[in-house]
Structures are given as structure tokens and as C-alpha cells.
There are 2 protein chains.
Amino acid sequence: AVRLQESMLSSASSFKNYRGILNWCVVMLVLSNARLFLENLLRYGILVDPIQVVSLFLKDPYSWPAACLVIVSNVFIFVALYTERKLAMGSISEKVGLLIYIFNLTVILCFPMVVVLKLPSITPVGGAFALGVYTILFLKLYSYKDVNRWCRERTQVKARSLSRSLSYDRRTYMYYFVFAPTLCYELNFPRSESIRMGFLLRRFVQVLYLLFFSPLKRSALFNSVKPVFILQEMDYSRMTERLLRLAVPNHLIWLIFFYCFFHSSMNFVAELLRFGDREFYRDWWNSETITYFWQNWNIPVHKWCLRHFYKPLLRRGAGKLLSQSAVFFASAFFHEYLVSVPLRMFRLWAFMGMMAQLPLAWFVARFLRGNYGNAAVWLSLIIGQPIAVLMYVHDYYVTHCQDDPTISEAL
Amino acid sequence: AVRLQESMLSSASSFKNYRGILNWCVVMLVLSNARLFLENLLRYGILVDPIQVVSLFLKDPYSWPAACLVIVSNVFIFVALYTERKLAMGSISEKVGLLIYIFNLTVILCFPMVVVLKLPSITPVGGAFALGVYTILFLKLYSYKDVNRWCRERTQVKARSLSRSLSYDRRTYMYYFVFAPTLCYELNFPRSESIRMGFLLRRFVQVLYLLFFSPLKRSALFNSVKPVFILQEMDYSRMTERLLRLAVPNHLIWLIFFYCFFHSSMNFVAELLRFGDREFYRDWWNSETITYFWQNWNIPVHKWCLRHFYKPLLRRGAGKLLSQSAVFFASAFFHEYLVSVPLRMFRLWAFMGMMAQLPLAWFVARFLRGNYGNAAVWLSLIIGQPIAVLMYVHDYYVTHCQDDPTISEAL
């Protein structure tokens, strides 16, 4: 109709449905992959190197230190399970229970760290994997402890009625929680009605495709690591150019990782376990503030922080800003823990990167609104991450590879 | 909240707000441009070649054939204006008026074609520009004729009351229509209240940036033209790889062109003329059928076709499918006209490309739904266009450049 109206792409227009742009990204990704696959095929023939993939995780094929670490983690699950049973039966006091929990949780964080630092046969990738598993377990058992305590407190008020969780087989339910894609324990998780085989299969194919058959990823990885080593010449305009060249493939890898982990893998596991709550992320791509991004890109961690860290702090009388900063501080600690220990390098780049979010969040919220705010969030993701990555890769190269002539030449 | 819910990116979820992804595209575009600009600056220094840009439009700096053609087009505007005046005053009959119009409109299409074909000093870019201006004028004057006739017919019924259009200065209003970003004549265009200087400036900067200071565009153009010449070796897997390599930059150029022309330029002109109806495109990026894409990507042409071609055909008793095919046929004719004449090559690739949309539209509507349909539309855009472009560039090279050793060597 002929009337006064704005174009859809104008910020003045209220139109916001861009689902098609997402499909565009997928089509472009698949096409680029197809082209690179065909190019590699024409140039080198079929080229699959499973040894190379395995060597990321293992140095010696007869010793599996990371896998052993993961198996040992069962001990900590059982400690939590039996402490909780004793507490429920009333055979140990709340104080003793808390002490056992504190001890158990501390060991969960320290034991794998010591093993990774002391055992030279663990590769950085294997170490990061094991530490990741232990960190997730730490958060899950912390939640398990809190929720069970809250329940006991509530049932004490209600004249010690039987807790609903006792109606389940406790051990099975504990393992369901350990494998479920969530960090927050619930007495009754919402369950989906059945396993949709088509959905399961599509997620499985996505994970397989994105993890293994993606030449784009390999080419991007190679391109992102290669130019780092120019950093040693301190020419600023050249450094900026190299950083920008590194930023785009690094960012694409992060996006692929996000989709592969938070959408495909988690939905796959959830479908398999008939786990109903699939809110693993919210619309962080529309974030107009840094805070909105951190609250919405990783919902399992966000929910955990809110329920077991931020709200308890508020209840104990801490201010909002202090509690928020404490959450960022804890997050910064875990980022550093997951990067420094496997690399055996303590540089605090990851820690500082997380802490830098606080002044950045203030700046964006203060000066930028709407689409400009959103662009600033994207820019901080695209530029911020590779700076941290660059620092680590650079330092890792300087300490590990500089004396190795084969690596120096290859790069 | 912990409840049964799907992930936002699942097709089962009803969430559709991806405005942030659009901002992501803009940020990525600006960053890629910045990187290429910096790279060029580091490698070659500041490099601006206005002569090269001008030489696209002019062969001889003292003869401006395309510009002369555009100036001459005023004659046809005046013929239409004075025919209409005579018709309004009743000094010529409807039949005579129609004959003059038919003659005028035929000359509008044939005269520039003959000039472009006969005058060797017109470059392909200059010729395409002049023919584009004449085609737009043809569509506008056709609409002018129709609307005025409809008004006369209506006012005849209402006892020949004074037409509202007479209250305007006809000549000024005619030129307002000629410059307005629409093809459909109205007696009263909706007008915006004032010229927003900020909006005007932003659109102006966008056009300038996208047209001139975009090294990404130049690099994409170069990459898209270069590999075409491998076509002569008929190796199919290699041809596919080259086509895919050409498809992505070609598609990016098309997207930039779309934004630059349909958003920035048209909004700039509309703001300047206080032209209120800014619906130059609708959400074609969400198209789930080929038909939806053609109905929504170019609203001025779509509105014209609907009002002056499709609906009149239906009124005369033609079927829906026949009328739709006729619209595609007319569109195919104009596509061919705008490409073949400036290149002085009649190959029918553009014509066939347009006509191929009909069976494609049937196929997509019949077999694909939702996100799959949308992906098919994107794929037809990304792959379909470069095939046609490839055909023309290939043929142009074979007929024009093969004997020229400097060009053959440069490629």
C-alpha cells in the first residue's frame, strides 16, 4: 500500500525477523566447505590423518592419563552421594557434612591440576579436556550439595516429611544428573515424552561434520596460528593488520564451536536422556550490552552462577555491584584455571581478559545504544578473543618451539 | 525457568529475532574492508586511480555519449506531459492519445538501443547506465499514462469534476515523479514531514563507502573474474570448484549492490524529496519459495508489474498462471535488453536465466518447506547468478580480448 513507511533495514523500522540471514550463514558455510573439500581433493587426493587427531590427545598410545583422570572422578561422585545419604538419614550433623563437602570439592579442583602439572605425558588438549570434566563436576556437586541442603531445611519446617528425591533410586538419578546437560541440580528434571530419532540423527551428523569433516575449520585454524609469529617485530600497523587477519578465522572457529557444543552436542545428549529443558543459550546475538551477552550465551553456567553464587551473596547482604564483580572474578579464575594449567604457563591473560569485561561493560552501557551497542559487543568478541589467543600462542611458541628447528621451519 | 522448552536455534522453536546477525554481517564487512585497506596501504601506499573509474564510463574524455542520451530523454517526458494536457483538455481523443503514447514508448525503448549499438564510443558500462535510465523512464511513463486514463474514466462517471492532479503545477509534479524512487504514478504521493539531516548524511556516507572506498569489492571483483577463463578446459570437477570459488564473491557483490541501491541510494533520494513510501524491498531474505523472493526483493518493479501488467491481464480474462508467466517473460526481456545491448552480444543467457525461474519455483514450492525452502532460494541466488555472469564474461572474453595480448597476459 502507498503510505508513509520506513524501509525494513532502517533502525527506525520495528521489523526484526532475520531468520533467513541465519540460513544464509549456514548455506555459505556449507558452500565454502564444499569448495575447500573439492580443492583439497583435486590437489592432494583423499587425505585423512587419524593419527594426527589422536596425537592431540595422546603422546604415548599405551598410556591414557586424561582418560584415567576422568575415570577416577567417579570417586568424588560417590563421596558426595554417600555424604548426602548420611545427611538425609541424620547419622552425621550438617556441620560434618559441610566439612566433607568442602574437602571433596577442594580436592576435585586441586587433584587434576597437580596431576596435569606433574605428569609430562599429558598433552595440552588432553589436560584441558580432563580439567574441563572436573570443573563441570565441581559445579554440579556444589549445586547438588546446595539443593539437598535447601530441601532438608524446607522439610524440617514442614515437620520432616519425606523428601521427594527419596522416591528415586539415588545412584541412578545422580548419574542422570552427572550426564545431563545442566549444572543445576533439581529434584525432578522436566522430561520430554520420547526420543525423536530424526532430531537425534541430525544433531549427530552436525557434530560429526563440524568436528571432523570441516576443511574450512582446518584452513581457518592454520591461517589463524601462522601469522602470530610476526608479533616479535614490533611494527604497529603491521601488527594491527595481522591481528585483523587472525580475528576473522578465530571468530568463525568460535562460532562453529558455539553451535557444535551449545546447540548440536547438548541437544544430542538431552534428546538421548529425554532431558526437557533445552535452554542452553538465549539470543546473545542481539546483545546490546556486554552484560546481556554474558547472561545469555552460556545459560547452564549463568543459571549456576545466579542460583549458587550471586543470589546467596545478595542474601548475605552483599551489594549488587560487588556480587556481580565477584561472579566475574570467579569466572576469570576458572578461565585461567582451564587455560594455564594444561599449557603449564601462568600468564594471567585469560584472567585479565575476563576482568577487562567489567570496565568494557560499563563503557558500552554508558555510551552506546541499540544497533551500535550490538556492534560493539560483536567487535569485542571478534577482536578481544584473538588478542588473548595471540598472547598464549605467542608465549607458548617462545617457550616451547623456538629451539625446535622442525617447528620453526614449518611455520 | 526449568521447564520443557526447545533451543532457540531449533526449527521447532518459534524464536525469529536475528537482528544481531545482520549487525554481525556489517561488522565483519567493515573489519574485512579495514584489513584489506591496511594491507593495500602497507604493500602499495595510497593508491587511488580516478582515471580508471572514469574510463569505465568514457572512452574519449571530450565525448559523453551516455550523458547526451540521458539529456535527450527529456524530450520523451515532454511528449508525455503535453499529450496528457491535450487529453485532459479534451482537445484530442483517447484513441489519438493512446497512439501517441504507444509511439512515444516504443521510441523510448528503440532509440537508445540503436544509439548504443551504432555508436562505438559508448562503453558497456555507459551503455548499461543509459539503457537503465531509459527503461526506468519507460516504466514510469507507462504508469503515468495508465493512472491518468483511470482518473479520466473515474471523473467522467463523477460528472467530470476537476481532477485533483490539476491543483499541482503539472510540470514540476512530473519531474518530482521522474526523480522519485518509485515506478508507479500517484496523484498524491505521501510526503514525510521534513528532511532528517542525520539520516541523509548516513545514507550518503554509506553510498560513498560502498561504491568507492571498498577494497573488498575490488578484490572480490578481481577474484570473481579471474578464474572464469579456465572454463575453456572442460574438466567438470575443476569447473565446479571454479564456479564455487566465483559464486561467493559474486554473491557478496550482489548483496552490497542490493544494500547500496535499494536501501542507501533510494532512501537518500526519498529523504531529499521528502518521499514518504520507503517500502523499496520487503523481507526477501526469509523467502521460502522462489515466488516470494521475486515478489519481495524489488518492490518498485513488483508494484509496477502488479498494477500495470498482471492485474490488467487478469481483468482481460487471462488465467493466473498465464499472467504470472507473462510477467516473468517481460522481466526476462528487460533483463536481456539491459545486458545484451551494452555488451553488443545476443546470447539469451539473461533471458533464459529469468525463464528458468518458473520451473525452479515450481520445484521448490513442491518439494521444500520452511528453512529448507529458504536455503534453496539462497542457493539458487548464490549459484544461479554466477552461472549467467560466467557465461557472459566468458563469451565477452572470447570475442573481445582473446586477440589482445596485453589483456590475455594480465589475466
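This presentation describes the interface between chain A and chain B in a predicted model, and then one annotated residue.

In this predicted model, local features need pLDDT of at least 70 and side-chain atom pairs count only at pLDDT 80 or more, while totals for chains, interfaces and linings use all residues. Residues are numbered from 1 along each chain as its sequence is written, chains are lettered from A in the order in which they are written, and side-chain values use heavy atoms, with hydrogens and water left out.

I begin with the interface. Chain B and chain A each give 69 residues to the contact, where contact means heavy atoms within 4.5 Å. Between them the chains bury about 6,700 Å², 65% of it on carbon and sulfur atoms; buried area is the accessible area (1.4 Å probe) that two parts lose on being put together, summed over both. In chain B, the residues that lose the most area to chain A are L9(B), R19(B) and W24(B), together 11% of what that side buries.

Turning to charged pairs, two salt bridges are found across this interface, the criterion being a side-chain nitrogen of Lys or Arg within 4 Å of a carboxyl oxygen of Asp or Glu. A salt bridge joins the side chains of R196(A) and E6(B), at 3.3 Å from N to O.

Finally, UniProt lists H335(A) as "active site" in an unreviewed entry; such annotations may be inferred rather than shown by experiment. H335(A) has a relative accessible area of 33% and is therefore partly exposed, that is, between the limits for buried (under 20%) and exposed (over 50%), with a 1.4 Å probe and protein chains only. Leaving aside neighbours within four places in sequence, H335(A) contacts A350(A) and M354(A).
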